[in-house]
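Open the model in your viewer and show it as a cartoon. Keep the sequence panel in sight, since each stop begins with a selection.

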Amino acid sequence: MAKRETQGFKEPDWLTGQLLIAMPAMQDPRFAQSVIFICAHTPEGAMGVMLNRPVKTPGFNALLRQLGVEPVPPKREIRVGSGGPVEDSRGFVLHSSDWVTEGSMAVDEDYVLTANLEVLQALAEGGGPSQARLLLGYAGWDEGQLDEEIRQNSWLSVPADEALVYDTAYLTKWQRALAKLRIDPGMLSHEAGRA
């Protein structure tokens, strides 16, 4: 059965694996100029992790110590960021699909989300996925909430790419995500509308 389209939007899973870019007029300071990787977008709601909010503490070594993961210092270190305001003490590793374990959630053919100690152990030992980000917390939306926010001109979306997902140039990530759409932030309207 073909996907049905309603008011220009595909069925609700259309944002899974995409980047969500906050519009300049975003009123919620937690999401101002944010770039969010959408891990799941279903009729029940949506879940994603912010990519451009680094955290200074705790660092990767400190987190491994807290969790009892050896060796510390690790043979391989990854950056820690804030994934969002929901359950910000819970860690999620967004990583490449070349490594998975039981409980890993395949977002698409390129990206996987894992929220267990096995991925941290593999990374600390020098293995694990070739690309990875550890994010504390997540961003979540209830049923229909994200779709409504998009209709209200709060978000744009763009296909994800490895540079935007994994690089550490946090200060330019929002502008670079908009540039993928060939958009100058200064030219964006703060008003929602329909043609």
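This tour moves from the whole chain to strands, a helix, a cavity and some backbone details.

**The whole chain**

Remember throughout that this is a predicted model. Colour by secondary structure. The chain has five helices and nine strands. Follow the cartoon from the N terminus, and the order reads β-β-β-α-β-β-β-β-α-β-α-β-α-α. Now colour by accessibility. Of the 195 residues in the chain, 41% are buried. Turn on contacts and keep those with a separation of 6 or more. Residues 24 or more positions apart account for 66% of them.

**Strands E1, E2 and E3**

Select residues 35-42, which are strand E2. Is E2 enclosed or open to the outside? Six of its eight residues are buried, so E2 is largely enclosed by the rest of the structure.

Add strand E1, residues 18-22. E1 pairs with E2 in the antiparallel sense, over three bridges. To find the register, pick Leu19: its bridge partner in E2 is Phe37.

Next add strand E3, residues 45-50. E3 is antiparallel to E2, and six bridges join the two. Here, pick Ile36, whose bridge partner in E3 is Met50. The turn is short to trace: E2 and E3 form a hairpin with two residues between them.

Show the side chains along these strands. In a regular strand they alternate between the two faces of the sheet.

**Strand E5 and its partners**

Select residues 86-96, strand E5. Which strands pair with E5? One is E8, residues 132-142, which runs antiparallel to E5 and is joined to it by six bridges. Look at Val86, where the bridge partner in E8 is Tyr138. Another is E7, residues 111-114, also antiparallel to E5, with four bridges. Go to Ser96 to see this pairing; Tyr111 of E7 stands opposite.

**Helix H5**

Move to residues 173-180, helix H5. Show Lys173, Trp174, Ala177 and Leu178 as sticks: these are the buried residues of H5. They cover an arc of only 135 degrees around the axis, which puts them on the same side of H5. The spacing fits a general rule. An α-helix has 3.6 residues a turn, so residues three or four places apart point the same way.

What do these buried residues pack against? Display E1, E2, E8, strand E9 (155-159) and helix H4 (162-166), and you have the elements that they pack against.

Step just past the end of H5 to Arg182. Arg182 has a positive phi of about 60 degrees although it is not a glycine. The residue is exposed, with a relative accessible area of 78%.

**The cavity**

Switch on cavity display. There is one cavity of 30 Å³ or more. It holds about 30 Å³ of space. Select the lining: His41, Thr42, Gly45, Ala46, Asp142, Gly144, Gln145, Leu146 and Asp147. E2, E3 and helix H3 (145-151) each give two or more residues to this lining. H3 gives the most, with three residues. Colour the lining by type: two residues are nonpolar, five are polar and two are charged.

**Loops and unusual backbone**

Most residues other than glycine have a negative phi, and most peptide bonds are trans. The next selections include exceptions.

Select the loop between helix H1 and strand E4 (80-82), where Pro71 lies. The peptide bond from Glu70 to Pro71 is cis, with omega near 0 degrees. Pro73 lies in this loop between H1 and E4 as well. The bond joining Val72 and Pro73 is also cis, and its omega is about 5 degrees.

Go on to Asn153, in the loop between H3 and E9. Asn153 is not a glycine, yet its phi is positive, at about 70 degrees.

Finish at Pro54, in the loop between E3 and H1 (60-67). Is Pro54 buried or partly exposed? Its relative accessible area is 43%, so Pro54 is partly exposed. Which residues does Pro54 touch, leaving aside its neighbours within four places in sequence? Pro54 is in contact with Val80, Gly81 and Tyr170. Draw a distance between the C-alpha atoms of Pro54 and Val80: these atoms are separated by 6.3 Å, although the residues are 26 apart along the chain.

Key: Residues numbered from 1 in each chain as written. Predicted model: local features only at pLDDT ≥ 70, side-chain atom pairs only at ≥ 80, totals over all residues. Heavy atoms only, no water. 1 Å grid on protein atoms, 1.4 Å probe; cavity = no way out; pocket = protein on both sides within 12 Å on 5 of 7 lines; lining within 4 Å. Points joined across faces, edges and corners; volume = space filled by probe spheres on them. Nonpolar A, V, L, I, M, F, W, Y, C, P; charged D, E, K, R; others polar. Pairing = 2+ DSSP bridges. Buried < 20%, exposed > 50% of the residue type's maximum accessible area, 1.4 Å probe, protein only. Arc of directions from axis to C-beta. Contact = heavy atoms within 4.5 Å.
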